Amino acid sequence: MSKGPNTRLADLFGMSGWSKGELARLVNRHATALGHPQLATDTSRVRRWIDTGEVPRDPVPKVLASLFTERLGRVVTIEDLGLGRRARAGWQQSAEGLPWAPERTAAVLTEFTGMDLMLNRRGLVGAGAALAAGSALTGAMHEWLHTLPTPDPRGDRAVGGRPTSDTADHDRYEAAPVGSQEIEALEHSVEVFRAWDAARGGGLQRKAVVGQLNEVGGILAYRHPEHLQSRLWGVAANLAVLAGWMSHDVGLEPTAQKYFVIAAHAAREGGDRPRAGEALSRAARQMVHLGRPDDALDLMELAKSGSGEETLPRTRAMLCTVEAWAQASAGRGQEMRRTLGEAEELFVSDRVDVPPPSWMQLFDEADLHGMQALAYRTLADHEPAAAATAQHHAQEALRLRASGRQRSKIFDYITLASACFLADDPEQADRYARLALISMGETSSHRTWDRLREMYRLTGRYSGSAALKELREEIREALPRMPGGGTGRLRNATV
């Protein structure tokens with residue numbers, strides 16, 4: 001029975017520039033290279049995939065995903081092609097393909113990371129897709145995030161042996177079930193990657209994180225005892241957030257958004273709704289950075305409501321600071337101040353007898369002040385008087401900032417310098433801007449360059465000053481050269 005045209009496949013096919021005959025020949029050739037010489041795809045079959053929604057049998061969907069990924073220079077998954085396996089009865093997907101069926105999470109994770117690694121190996125940039133709107137994500141995921149996953153009826157009986165999903169089909173190498181010691185090692189690797197990201201930025205370790213996440217996806221293809229399975233989902237969520245944050249850090253925005261969504265799925269599979277909410281807050285921060293505060297606010301509404309009552313006050317405080325930044329970007333000063341006040345109250349009420357989860361340990365008092373500084377500095381574009389409050393919080397953040405948080409410290413310096421420029425204090429601005437420049441050579445973060453470009457814009461009013469003229473030249477020298485000789489476009493600041 002026909003499902004109707006496959007519009008997702010049709011859109012991507014149109015972007016590829018192939019004819020139907022060319023695609024058929026490529027499928028046969030690629031399948032043969034993978035050990036499936038029996039395929040005999042022809043033009044009429046490709047036409048049925050597109051026009052009637054016919055879903056080809058394995059291995060064609062993964063062959064198509066690989067071909068489109070290479071052709072378009074960005075990750076294209078089976079779901080992106082509209083060829084995901086039918087969800088179980090009663091499971092509803094949105095037009096955006098979200099949320100995917102629970103049993104597909106490990107498979108989607110493994111497929112996406114595998115394609116991402118392929119792009120890395122072949123030197124493709126992977127930035128040609130568009131980001132989904134915040135309203136599209138929240139509409140698709142609201143009911144799903146507000147309910148806990150249905151327990152696997154097999155329970156611990158399905159331990160080891162054959163994989164429980166089609167995840168292992170995506171790679172010739174098959175991961176095996178693991179025990180508590182291996183999971184502990186994986187959890188430690190997350191801490192190592194997280195510390196590196198905080199100190200140096202995401203550019204140098206992104207591929208290693210994606211590779212580790214791909215390995216965890218293969219492990220999740222096997223059913224482990226429940227206490228181990230939930231820890232594995234936690235590792236997957238943490239690695240996916242890191243992969244997303246590092247992708248955002250190097251400007252791979254659609255890829256980053258996909259990892260944040262994968263992280264939310266993985267966290268929910270592990271029963272950790274607060275972690276899912278934090279992952280969505282990362283997607284919201286990305287939206288503010290890209291100048292889309294309304295999308296960010298949509299995402300924050302879902303992140304806060306979907307995190308559940310078990311969310312600790314410190315986590316809720318962090319969510320409030322992201323929401324406040326989005327409000328500041330939209331020029332909603334009164335709402336921003338009210339939200340930051342709520343964040344402060346939540347932070348001081350945090351339970352000292354309950355240690356924060358590992359993924360919240362970097363949000364300390366310095367980060368609270370850093371986010372407040374960023375919100376007020378962003379609001380200063382609409383209300384110049386807010387610059388003074390931004391200076392105060394940035395100075396507090398710098399005073400409290402722990403060692404090993406070099407990227408955050410650079411952001412503090414740039415926020416403080418920008419606030420000083422907006423407050424008409426160029427001498428202080430010059431001082432903090434130079435401190436930022438001294439430190440920037442130690443990181444590989446595109447976001448720091450974006451913020452530096454924004455600060456450079458603020459120096460324009462002082463271009464007649466000899467000292468500021470020298471600073472402007474140093475900023476230009478610090479920024480990487482873009483194709484064509486420019487230093488790139490300006491974007492909103494992010495932290």
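This is a short dialogue on reading a predicted model of one protein chain.

Reader: Where do I start with a predicted model? What is the average pLDDT of the chain?

Author: Start with confidence. The predictor scores each residue from 0 to 100. Here the chain averages 85, and 85% of the residues score at least 70. Two stretches fall below 50. One is residues 165-173, which has 27 contacts in the model beyond near neighbours in sequence. Another is residues 487-495, with 42 such contacts.

Reader: How many helices and strands does the chain have?

Author: The count is 20 helices and zero strands.

Reader: How much of the chain is buried?

Author: Ask what share of residues has little accessible area; the cut-off is under 20% relative area. Of the 495 residues in this chain, 55% are buried. The chain still exposes about 20800 Å², and carbon and sulfur atoms supply 50% of that area.

Reader: What do contacts say about sequence distance?

Author: Take pairs at least 6 apart in sequence. In this chain, 75% of those contacts join residues at least 24 apart.

Reader: Which residues have the most contacts inside the largest nonpolar core?

Author: Look for buried nonpolar residues joined through their side chains. The largest such core here has 101 residues. Leu23, Leu64, Phe68, Leu81, Met141, Ala236 and Leu239 have the most contacts inside it. Helix H9, residues 226-249, gives the largest share, 13 residues. A second, separate core holds 39 residues, including Ala375, Met440, Leu458 and Leu479.

Reader: What is leucine 64 in contact with, beyond four places in sequence?

Author: Its partners are Leu23, Val27, Trp49, Pro56, Leu81 and Leu83. Leu23 and Leu81 are also listed among the core residues with the most contacts.

Reader: How do I check a single helix, say H13?

Author: Compare its span with the expected one. H13 covers residues 313-329, 17 residues in total. Its end-to-end C-alpha distance is 24 Å, close to the expected 24 Å. Then check cover: 15 of its 17 residues are buried. Just after H13, glycine 331 takes a positive phi of about 80 degrees.

Reader: Which residues of H16 are buried, and what covers them?

Author: Use the span check again. H16 runs over residues 386-400 and reaches 22 Å, close to the 21 Å expected. Its buried residues are Ala386, Ala387, Ala390, Gln391, His393, Ala394, Ala397 and Leu398. Their cover includes helices H14 (333-348), H15 (365-379) and H17 (406-422).

Definitions and conventions
Residues numbered from 1 in each chain as written. Heavy atoms only, no water. Helix = DSSP H or I, 4+ residues; strand = E, 2+ residues; numbered from the N terminus. Expected span 1.5 Å × (residues − 1). Buried < 20%, exposed > 50% of the residue type's maximum accessible area, 1.4 Å probe, protein only. Contact = heavy atoms within 4.5 Å. Core = buried A, V, L, I, M, F, W, Y, C linked by side-chain atoms within 4.5 Å. Areas by Shrake-Rupley, 256 points an atom, 1.4 Å probe, with all protein chains shown as cover.
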